[in-house]
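I opened the model and kept a notebook. The entries follow in the order I made them.

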Amino acid sequence: MELSSIYVTVIEPSKVQRNIIIGHLNSFGINHVEEFSEAKPALEHMLSSPPDLVLSSMHLPDMTGTDLVTQMRGLGALEHITFLLISSETHYRYLEPIRQAGAIAILPKPFSREEMGMALRSTLDYITDFEGDSDREEYDALRVLIVDDSKLSRNYIKQMLDSLSIHSVDTAKDGSEALEFISNGSRYDLIITDYNMPNVDGKELVEHIRSHSEQPTVPILMVTSEQNESRLAAVQSAGVSAICSKPLSYDTVKQLVEQLVTEYDM
């Protein structure tokens, strides 16, 4: 599959901004583009003609980009579609739900052609693997535990793993539930966990696995929107194998999974 074959829906209220976005897409050979100024008509059209990628602004006339991606994740026909936010918004209240719901990238306004290209290549890689064009038979026996208090985030990470042909996946809504799986004898080749969770957070989960479980060396990938450097340093000291920032880049997750699993096997 090539970039030129990607079908894109662009949702942006400004005609000028839509033209800029579509111009960048055209420069990558992407010409199959539908454009909308509002979310509701775009959603209706997507249900009958699902795109490969949705590029949306945050502040739309009829809803926010957060509302849009949340609705998409709740619709079977649209839940797997990659979502890319283009916005100058920096407020945590708006961006955190987008990160949790699984945007493949958040591009600033203005963005560079290079930034757009990286997001498009990650999208292409995800679509190619999801459609089964990539053979990942070596992951057939891999067992993974996803730990996140956001159901949207759990589902999105699971979709990424599905694209990598990793289908034996358990999910837990917080560290406490994850520890129940582990204490009951479930063994995993990889654990992917959020940091900020109720009851038992990601740091506490890592510490317990490293010090008190029967699988203290299992690779643990932490995916988080946490920005506090001292907290992240404490997580690293607890023994996390790698930290990945939200929103999740599919290419980054793919590379980290391959690296962690290979090192663990050795």
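**Entry 1: burial and ground rules.** I call a residue buried under 20% relative accessible area, exposed over 50%, and partly exposed in between, with a 1.4 Å probe and protein chains only. By that rule Thr-66 is buried, because its relative accessibility is 11%. I am working on a predicted model, where local features need pLDDT of at least 70, side-chain atom pairs count only at pLDDT 80 or more, and totals for chains, interfaces and linings use all residues. Residues are numbered from 1 along each chain as its sequence is written, and side-chain values use heavy atoms, with hydrogens and water left out.

**Entry 2: confidence.** I checked pLDDT, the predictor's confidence in each residue, from 0 to 100. The chain has a mean of 88, and 95% of its residues reach 70 or more. I take helices (H or I, at least four residues) and strands (E, at least two) as DSSP runs, numbered from the N terminus. Which elements have the lowest and the highest mean pLDDT? Helix 4 (residues 92-101) is lowest at 74, and strand 1 (residues 8-11) is highest at 98.

**Entry 3: Thr-66.** I went back to Thr-66 and found it in helix 3 (residues 65-73). I then looked up its distance to Gln-100. The two are 34 residues apart in sequence, and their C-alpha atoms are 9.9 Å apart in space.

**Entry 4: helix 6.** I counted 13 residues in helix 6 (residues 151-163). From first C-alpha to last it reaches 18 Å, close to the 18 Å expected at 1.5 Å a residue. The expected span is 1.5 Å times one less than the number of residues. I listed its buried residues: Ser-153, Arg-154, Tyr-156, Ile-157, Gln-159, Met-160, Leu-161 and Ser-163.

**Entry 5: the cavity.** I searched on a 1 Å grid over the protein atoms alone: a cavity is a set of points where a 1.4 Å probe fits but cannot get out, a pocket is an open set with protein on both sides within 12 Å along at least five of seven lines, and lining residues have an atom within 4 Å of a point. Grid points are joined across faces, edges and corners, and a volume is the space filled by probe spheres set on the points. How many cavities of 30 Å³ or more does the structure hold? I found one. The largest cavity has about 30 Å³ of space. Its lining is Arg-73, Glu-79, Leu-152, Asn-155, Tyr-156 and Gln-159. Helix 6 gives the most to this lining, with four residues. I sorted residues by class: Ala, Val, Leu, Ile, Met, Phe, Trp, Tyr, Cys and Pro as nonpolar, Asp, Glu, Lys and Arg as charged, and the others, Gly among them, as polar. The cavity lining has two of each: two nonpolar, two polar and two charged.

**Entry 6: the pocket.** The largest pocket has about 250 Å³ of space. Strand 5 (103-107) and helix 5 (113-130) are the elements that give two or more residues to its lining. Helix 5 has the largest share, five residues. The lining includes Ile-104, Glu-115, Arg-121 and Asp-251. By class I noted seven nonpolar, two polar and three charged residues.

**Entry 7: parallel strands.** I count two strands as paired if DSSP finds at least two bridges between them. Strand 6 (residues 143-147) runs parallel to strand 8, joined by four bridges. Val-144 stands opposite Leu-190 there. Strand 8 also pairs with strand 9 (residues 220-224) in the parallel sense, over three bridges. Thr-193 has Met-222 as its bridge partner in strand 9. Strand 9 and strand 10 run parallel with four bridges, and Leu-221 has Ala-242 as its partner in strand 10.

**Entry 8: side-chain faces.** In a regular strand the side chains alternate between the two faces of the sheet. In strand 8 (residues 190-193), Leu-190 and Ile-192 point one way, Ile-191 and Thr-193 the other, and all are buried. In strand 10 (residues 242-245), Ala-242 and Cys-244 share one face and are buried, while Ile-243 and Ser-245 point to the other and are not.

**Entry 9: backbone oddities.** Most residues other than glycine have a negative phi, and most peptide bonds are trans. The bond from Lys-109 to Pro-110 is cis, with omega near -5 degrees. Pro-110 lies in the loop between strand 5 and helix 5. Ser-165 has a positive phi, near 65 degrees, and lies in the loop between helix 6 and strand 7 (168-172). Phi of Asn-199 is also positive, near 65 degrees; this residue is in the loop between strand 8 and helix 8 (202-212). Are these two residues buried or exposed? Ser-165 counts as buried because its relative accessibility is 16%. Asn-199 is exposed, at 64% relative accessible area.
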